[in-house]
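Here's an informal walk through one model, a few elements at a time. Have the coordinates open while you read.

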Amino acid sequence: MLWSRTKVLRRAPGEGDERGWRPLERGCRYSDWGLRQWDFGEIHNDGPTNSSVLDNINSSDRRYIMKILIIEDDPSLLESMTAALKKDGHVVETASDYPSAIDRLGVYAYDCALVDIMLPGGSGLDILGYIRENCRKTNVIIISAKDSLDDKVRGLELGADDYLPKPFHLAELSARIRSVYRRSRNDGDFTYRAGNVVLDPDTNKVTVDGKELPLLKKEFDILAYFMQRPGHLVDKEVLAEAVWGDHIDQTDNFQFLYAQVKNLRKKLQESGADIELKAVYGFGYKLKV
């Protein structure tokens with residue numbers, strides 16, 4: 001049985017159907033609880049994605065972890081921005097019009113959204129309003145050819161974190177994203193600490209009691225995700241989407257995730273780390289200090 005694409009679910013033990021799921025209203029305001037969209041092959045037309053393909057996504061070195069939604073209707077600019085941000089190591093998803101942008105924001109959670117003002121089907125400023133009402137943790141950078149003072153003022157008053165007029169250099173876009181992230185996370189400090197473990201996204205290094213702990217890229221990404229959310233219960237689907245991308249919901253199992261988490265837990269234990277990725281049966285994982 002397949003759920004329709006508009007059915008958003010939240011695992012609630014003891015509630016709902018026999019699998020412990022019950023339907024919830026669409027909206028990324030629930031993303032911290034773990035959303036799951038049960039569709040297969042609908043968002044991307046290239047069919048189900050297996051773990052070997054997923055492992056090759058975003059293979060460039062990652063300085064810091066962000067899941068970014070680009071909302072832009074110019075195909076060439078969209079392609080260039082996507083390539084540049086993936087090269088920076090980010091997980092990048094795209095939308096080219098107002099309806100598809102709202103659709104994605106209603107299902108998935110993002111660290112940052114790059115929003116063009118003039119879009120087919122609606123205004124980017126309305127998307128900004130939707131984000132601020134429903135997805136308060138999502139940073140927003142407006143990217144627009146409308147470089148008027150009124151647009152800038154309105155966008156910033158609606159809650160945009162930055163405004164980047166077109167045309168712009170991709171290096172400046174990366175710098176703006178980094179600046180927004182720095183201001184909104186950890187009081188401007190990229191370093192994350194939990195117990196005797198320190199993770200530095202700037203250098204891609206993890207240390208335990210001052211001694212470097214070698215990690216594979218996905219292991220680093222998973223640990224960084226949890227260290228940014230200490231004590232939070234994280235659904236395995238949400239974790240997979242954050243590290244591998246939205247199209248993860250096309251796969252029918254999470255063995256690739258289980259393997260990475262198992263290896264990471266083993267390395268943390270052997271290094272003497274006093275933190276633990278604790279499995280929560282029927283849901284996902286939680287970082288225990």
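## Two helices over a small sheet

Let's start with helix α9, residues 255–270: this helix lies across β16 and β17 and runs at about 140° to β16. Keep in mind that what you're looking at is a predicted model. Helix α8 (residues 236–244) also sits on strands, lying across β15 and β17, and its direction makes an angle of about 75° with β15.

So what is the strand order in the open sheet? The three strands go β15-β17-β16, with antiparallel pairing. The edges are taken by β15 (233–235) and β16 (276–280); each has a single partner strand, so one side of each has no neighbour in the sheet. From one strand to the next, the twist averages 30°.

Zooming in on one pairing, β16 and β17 (residues 284–288) run antiparallel and are joined by five bridges. If you want a concrete pair to click on, take E276, whose bridge partner in β17 is K288.

## Nonpolar cores

Which residues have the most contacts inside the largest nonpolar core? They're L114, I222, L239 and L257, in a core that counts 50 residues. Helix α7 (residues 217–227) gives the most to this core, putting in seven residues. There's also a second, separate core, made of 22 residues, with A95, A113, C135 and V140 among them.

Back to L257 for a moment. Leaving out residues up to four places away in sequence, L257 touches I222, K236, L239, A240 and W244.

## Helix α6 and its two faces

Now for helix α6, which covers residues 170–184. Its 15 residues reach 21 Å from the first C-alpha to the last, close to the 21 Å expected at 1.5 Å a residue.

On the buried side, α6 has L173, S174, I177, R178, V180 and Y181. Why do these count as one face? Looking down the axis of α6, the buried residues fall within an arc of 160°, so they line one face of the helix. Turned away from that buried side is a face carrying the exposed residues A171 and R183.

And what do the buried residues of α6 pack against? Among the strands, their partners are β4 (67–71), β6 (112–115), β9 (139–144), β10 (162–165) and β11 (192–194). A helix is on the list too: α2 (75–87).

Notes:
Residues are numbered from 1 along each chain as its sequence is written. This is a predicted model: local features need pLDDT of at least 70, side-chain atom pairs count only at pLDDT 80 or more; totals for chains, interfaces and linings use all residues. Side-chain values use heavy atoms; hydrogens and water are left out. A nonpolar core is a set of buried Ala, Val, Leu, Ile, Met, Phe, Trp, Tyr and Cys residues joined through side-chain atoms within 4.5 Å. Buried means under 20% relative accessible area, exposed over 50%, partly exposed in between (1.4 Å probe, protein chains only). Helices (H or I, at least four residues) and strands (E, at least two) are DSSP runs, numbered from the N terminus. Contact means heavy atoms within 4.5 Å. Two strands pair if DSSP finds at least two bridges between them. Axes are lines fitted to C-alpha atoms, for helices over the stretch in contact, and angles run from 0 to 180 degrees between N-to-C directions. The expected span of a helix is 1.5 Å times one less than its number of residues. The arc is that of the directions from the helix axis to the C-beta atoms.
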